[in-house]
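Student: I should like to learn how to read the sheets and the ligand surroundings of a model. Could you guide me through an example?

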Amino acid sequence: MDILCPVCHSKLSRTQNVYSCQNRHSFDIAKEGYLNLNMRNSQKTGDNPDMIRARKRFLEKGYYSFLREEVNDLLDEKESLVDLACGEGYYTSYFKCQDKIGIDLSKSAMKIASKADKSTRYLLSSIFRLPLEDKSADKVITIFAPIAKQEIFRILKDDGSFILVKPDVRHLFELKAAVYEKPYLNEVENIEIEGLKLVNEIAISQKEKVAKEDLMDLFMMTPYYNTTSQNDKDKLKEIEELEISFCFLIDIYQKAA
Ligand SMILES: C[S@@+](CC[C@H](N)C(=O)[O-])C[C@H]1O[C@@H](n2cnc3c(N)ncnc32)[C@H](O)[C@@H]1O
């Protein structure tokens, strides 16, 4: 897959540690290996370093490895893959496709991902303005992240597919029960994407015992971490080990003919 200049949208080509286009816009490859294509006037920064470190520590323990395996089984080595909002590359690095691009807006995530994984080109960019050509990707993946619907449709080949991983109804229920007086089930909605058709939904789940030192890291990965009081968060510190349900939905979309 070709990478496009974020300024003039012509193709970028690489010479040593610099990517440049025919209009002489150039972008340095960072020492860790990622390419910074984020426009300077962009205010958004993605997840902060504390969130990234917590997620990295938690994922490295292997609690979500069954999800990674299941998604990898849906891929083909010969296909091109774009992982949108890929974080620190826990999933991207593992995927078997030969031509892989991982994109995220967090600099700390891109540093970690590109330092550890040389099988993927990592781009610091918003997923809502992708530096990629129309109809260039066989597979696009989004795992627990914002969904850039129009860009996904634009970059997918006509026979390409989009894989979306999202939490199922009981995902993390026991964690919520440990923190909140009235834990609630997740609401699951089918995401509609213009031009794409949902063709399959795979539900996978596993219960795992999460160790004391991993509970706060897991909680930091959730969207409710920032809206929970310190008192409630502190309840997790009293728990030695907690058996938690990890329940995921893997939605597969195809371009509608
Ligand atoms: C919950 S994390 C999921 C990361 C990864 N997919 C995973 O499951 O490990 C969401 C990610 O989306 C990224 N993100 C949020 N908004 C973004 C945007 N507009 N463009 C690119 N990345 C974005 C964050 O930096 C963060 O890494």
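Tutor: The discussion below concerns a predicted model, and it takes the sheets before the ligand.

Student: In what order do the eight strands of the open sheet lie?

Tutor: Strands pair when at least two bridges are found between them. Here the order is 4-7-6-5-8-9-11-10, with mixed pairing. Strand 4 (35-36) and strand 10 (196-211) each have a single partner strand, so one side of each lacks a neighbour in the sheet.

Student: In which sense do strand 8 and strand 9 pair?

Tutor: Strand 8 (residues 137-143) and strand 9 (residues 156-167) are parallel, joined over six bridges. Within this pair, Ile163 of strand 9 stands opposite Ile141.

Student: Which strands does helix 3 lie across, and which does helix 6?

Tutor: Helix 3 (residues 107-116) crosses strand 6 (99-104) and strand 7 (121-124), at about 170° to strand 7. Helix 6 (residues 212-220) lies across strand 10 and strand 11 (241-255), and its angle to strand 10 is about 150°.

Student: How is the open sheet of three strands arranged?

Tutor: Its order is 1-2-3, with antiparallel pairing. Strand 1 (13-15) and strand 3 (26-28) are the edge strands, each pairing on one side only. From one strand to the next, the twist averages 30°. Strand 1 is joined to strand 2 (residues 18-20) by three bridges, and Arg14 has Tyr19 as its bridge partner in strand 2.

Student: How many residues surround the ligand, and of what classes are they?

Tutor: The ligand is surrounded by 19 residues, the closest being Gly46, Ala85, Gly87, Leu105 and Ser106. This shell has eleven nonpolar, four polar and four charged residues.

Key
Residues are numbered from 1 along each chain as its sequence is written. This is a predicted model: local features need pLDDT of at least 70, side-chain atom pairs count only at pLDDT 80 or more; totals for chains, interfaces and linings use all residues. A residue is near a molecule or strand if its C-beta atom, placed from the backbone, lies within 6 Å of it. Ala, Val, Leu, Ile, Met, Phe, Trp, Tyr, Cys and Pro count as nonpolar, Asp, Glu, Lys and Arg as charged, and the others, Gly among them, as polar. Helices (H or I, at least four residues) and strands (E, at least two) are DSSP runs, numbered from the N terminus. Two residues are in contact if their C-beta atoms, placed from the backbone, lie within 7 Å. Axes are lines fitted to C-alpha atoms, for helices over the stretch in contact, and angles run from 0 to 180 degrees between N-to-C directions.
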